[in-house]
Each structure stands twice: as structure tokens, then as C-alpha cells.
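Please open the model in a viewer and set the display to a plain cartoon. The tour below proceeds by selection, from the whole chain to single residues.

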Amino acid sequence: MPNNSYLYTFKYNHHYRDLCRLESTQIFGEEEKDNLLFSNIKVEPSISPFIKSRFDVILSARNYSELLKSVAQQNIHQEGFKAEYLVLEGDATGYRDRLAQLKDIGYRIEGEPDYYHPSVIYSICHYQDIWYFGILIKHNPDWQKHKDKPAKFSSSISINIAKTLVSIASRGDKNKQLLDACCGVGTVLLEACFSGFSMEGCDINWKACKKSKENLAYYNYTATVFRSDIKALNKKYDAAIIDLPYDLYTHSSDAISFKIIAAVANLAPRIIIVSISDIGPLIEDAGLKIVDSCLVEKRGNKKFTRRIWVCEKSFTLLSYL
Ligand SMILES: C[S@@+](CC[C@H](N)C(=O)[O-])C[C@H]1O[C@@H](n2cnc3c(N)ncnc32)[C@H](O)[C@@H]1O
């Protein structure tokens, strides 16, 4: 039987497949398969746009009656609980059977249930001939409200990508100090704040900074935004995100991108870069090692493809002298 504490379920649109792979590999060290992933690493499902739920395994058994016996032996007393059946890939249990099994579970938990505002969701699921009982933590979709942020920028990244950048940069660790080096109107900052990450923003353009602050204030979030050229920032972070200028509305070139990347490499050892062209050699010239990367097509616009690069500072022998 798998000896993992957590079972994650995933859901994503096919054009995000590679981005989901990148995120899953960076957080858990492995890819999800069939929208499922067993792991001992604990993260909140809502830090990712793709994780639907986390099932915290309490018990597992090879047969159902054995599982019920073990649930009863737990002597659980929980007011306001709810029982839910988690249907996983390959589980052919029919609706009526699932309802009957939920009753079985409900009868083995003491306390008044609350279906609408449960204090805890107890759950069962069946996967590869093993029954599991545990607590289900669902993704909180409230971050979708950021689609209606008051200050917008036509070339902003989508909130899905923004959310993934935060989870990849932090690897789900909320103790990390994060930086959005070219924060624009704050799309990434909003996602960091929603999930409780500590992130600061920086942008050279005063209008972008003003819009960022306006967006943060609109949702009652607090984050520092520096109006500065990133080259002048003198602070240290655990990880940074750079959504490079695209030369659509702001002037950009390889030389400008290189200077921004090299400056951020002095501020953080781990950097997630977003570009619209292949800047692999440029990243390496800036002294960074490319750990992984992926392509994300803009939905309905195959020509506009973004590249996301996970980079870490490469230490040469000289660094140690
Ligand atoms: C592609 S936009 C970022 C968009 C942002 N992710 C958003 O969703 O709104 C790039 C940003 O980089 C900023 N920028 C360009 N050069 C910079 C520099 N040297 N230091 C800081 N910010 C810079 C631009 O003002 C622009 O807002």
C-alpha cells in the first residue's frame, strides 16, 4: 500500500498541460498522472490553479469492511462534519453505492452533520484496489475575483499563469521572501497576497506602480511596491519572478532583458522568468542555470507563446575562492 500522507487531485485545460507539469515537478518533485499525485509534501491546494483538492490520508485498507472497522476504532467526534465521496480516475463505483458508503462513514462519526458549512469534510476514495479514508481540503476558487481587478494592462499575464509563477517560485513554502521584479499592474502580487505569500513588487514605470497599488488596495491586500529600476534595488530575496518587458508597449531588447536578469540574479538565488522568445543563451550568460522550462500558448492565439524558465544561480569554482 502506498505510504504517502497526501493525495492531490488535479484539473486543467489541455493548453496548460506543460505548465501544470512544470509546477507539479517544482513543488512535488514529480509529475501528476491521470490527474492524481500521492506525496508526502503538504501544500494548500489553492496555491495552484490546477490542484482541485488535497486528501489527507488517515487510514487505508485493502477491503471496504476493514476500512469501516478502522474508521469506527478512531472514535471520531466532530460537530458540523460532512462526508463526501471522492471519485478518482478508474473508480467505477456507482452513484447509489457511493451514497450508501457515505452513510456508512457518517454513522461511524459522532456529531451533528452540517452539509452547507461543514467544519471538516471526511472523505473516502478507492484507487488501485485500496480504500482510503481521510480529510478533504478543497481548492478555494475566490482568487478568480482578480479577473475583475480595477486597473488592467492589455499585455498582463493571465491570473492562472500568475498563480503558477508564485507557486513555482516559492515551491509552496510560505516562509520564502519573494520579489516580482517587473510587477506591472500587480497581477502576480495579487495571487501571492491571496495565498498568504510574502512578496514585494518593483516597476520602473510610475503608472504601473500606481495601478499595482490601486489593485492591491481594492482587495485590501498589503504588499510593498517599489517604483524603481530593478538595477537600483538593493535587497535580498529567496526567489524572484521576472515577467520581462515584451517590446509591445514598452521598449525592450535582448540587451535590456539581459541587464534586468543579471540585476535580479544579484537579489535572489532562484528566479522564474517569463519571456516571449527563446532567451536560453541569454539566461546562461547572466550566470543562471536553467533547471526546467515550458511553453504556454495564449488560448486562441498560437502565435503568442510565452516561455517560462525556472532558473537557479549557478556557482562556479570562482564563487568559492
Ligand atoms: C510584461 S510587463 C509586466 C506585466 C505584469 N506581469 C502584469 O501582469 O501586469 C513588464 C514590466 O516591466 C517593467 N520594467 C521594464 N524595465 C524595468 C526595469 N529596468 N526595472 C523594473 N521594471 C521594469 C515595465 O514597466 C513593465 O511594467
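**The whole chain**

Begin with the cartoon of the complete chain, whose secondary structure comes to eight helices and 13 strands. Please keep in mind throughout that this is a predicted model. The C-alpha trace spans about 65 × 45 × 40 Å along its principal axes. Of the 321 residues in the chain, 39% are buried. Among contacts between residues at least 6 apart in sequence, 70% join residues at least 24 apart.

**The two domains**

Next, colour residues 6-138 and 142-320 separately; the domain assignment gives these as domain 1 and domain 2. Their centres, taken over C-alpha atoms, are separated by 33 Å. Where the two domains meet, 16 residues of domain 1 are in contact with 16 residues of domain 2. On the domain 1 side of this contact there are seven nonpolar, five polar and four charged residues.

**Strand β5, at S123**

Select S123, which lies in strand β5, residues 120-127. Is S123 buried or exposed? It has 24 other C-beta atoms within 10 Å and is therefore buried. Now show its contacts beyond four places in sequence: S123 touches F55, E84, Y85, L86, G134, I135 and L136. A further distance to display is that from S123 to V57, which is 9.3 Å from C-alpha to C-alpha, although the two residues are 66 apart in sequence.

**Helix α4**

Move to residues 159-170, which form helix α4. The twelve residues of this helix should span 16 Å at 1.5 Å a residue, and the 17 Å between its end C-alpha atoms agrees with that expectation. Colour the helix by burial: twelve of the twelve residues are buried, so α4 is largely enclosed by the rest of the structure. The buried residues include the polar or charged N160, K163, T164, S167 and S170. Just after the helix, select R171, which takes a positive phi of about 55 degrees.

**The nonpolar core**

The largest nonpolar core has 81 residues, and those with the most contacts inside it are A181, A240, I242, V264, I271 and I273. Helix α4 gives the largest share of this core, seven residues. Because domain 1 and domain 2 both give residues to the core, it lies between them. As a general point, nonpolar side chains in soluble globular proteins tend to be buried together.

Within the core, centre the view on V264. Which residues does V264 touch, not counting those up to four places away in sequence? They are A181, I230, A240, I242 and I271.

**Strand β7, at L179**

Select L179 in strand β7, residues 177-180. With 26 C-beta neighbours inside 10 Å, L179 counts as buried. Leaving aside neighbours within four places in sequence, L179 is in contact with M199, E200, C202, Y237, A240, L267 and A268. Then measure from L179 to V225: their C-alpha atoms are separated by 9.7 Å, and the residues are 46 apart along the chain.

**Around the ligand**

Finally, show the 21 residues around the ligand, of which S156, C182, G184, T187 and N205 come nearest. The elements that give two or more residues to this shell are α5 (187-194) and β8 (198-203). Coloured by class, the shell has twelve nonpolar, six polar and three charged residues.

Conventions. Residues numbered from 1 in each chain as written. Predicted model: local features only at pLDDT ≥ 70, side-chain atom pairs only at ≥ 80, totals over all residues. Helix = DSSP H or I, 4+ residues; strand = E, 2+ residues; numbered from the N terminus. Expected span 1.5 Å × (residues − 1). Buried ≥ 20, exposed ≤ 12 C-beta atoms within 10 Å, placed from the backbone. Near = placed C-beta within 6 Å. Core = buried A, V, L, I, M, F, W, Y, C linked by C-beta atoms within 7 Å. Domains from an automatic or database assignment. Contact = placed C-beta atoms within 7 Å.
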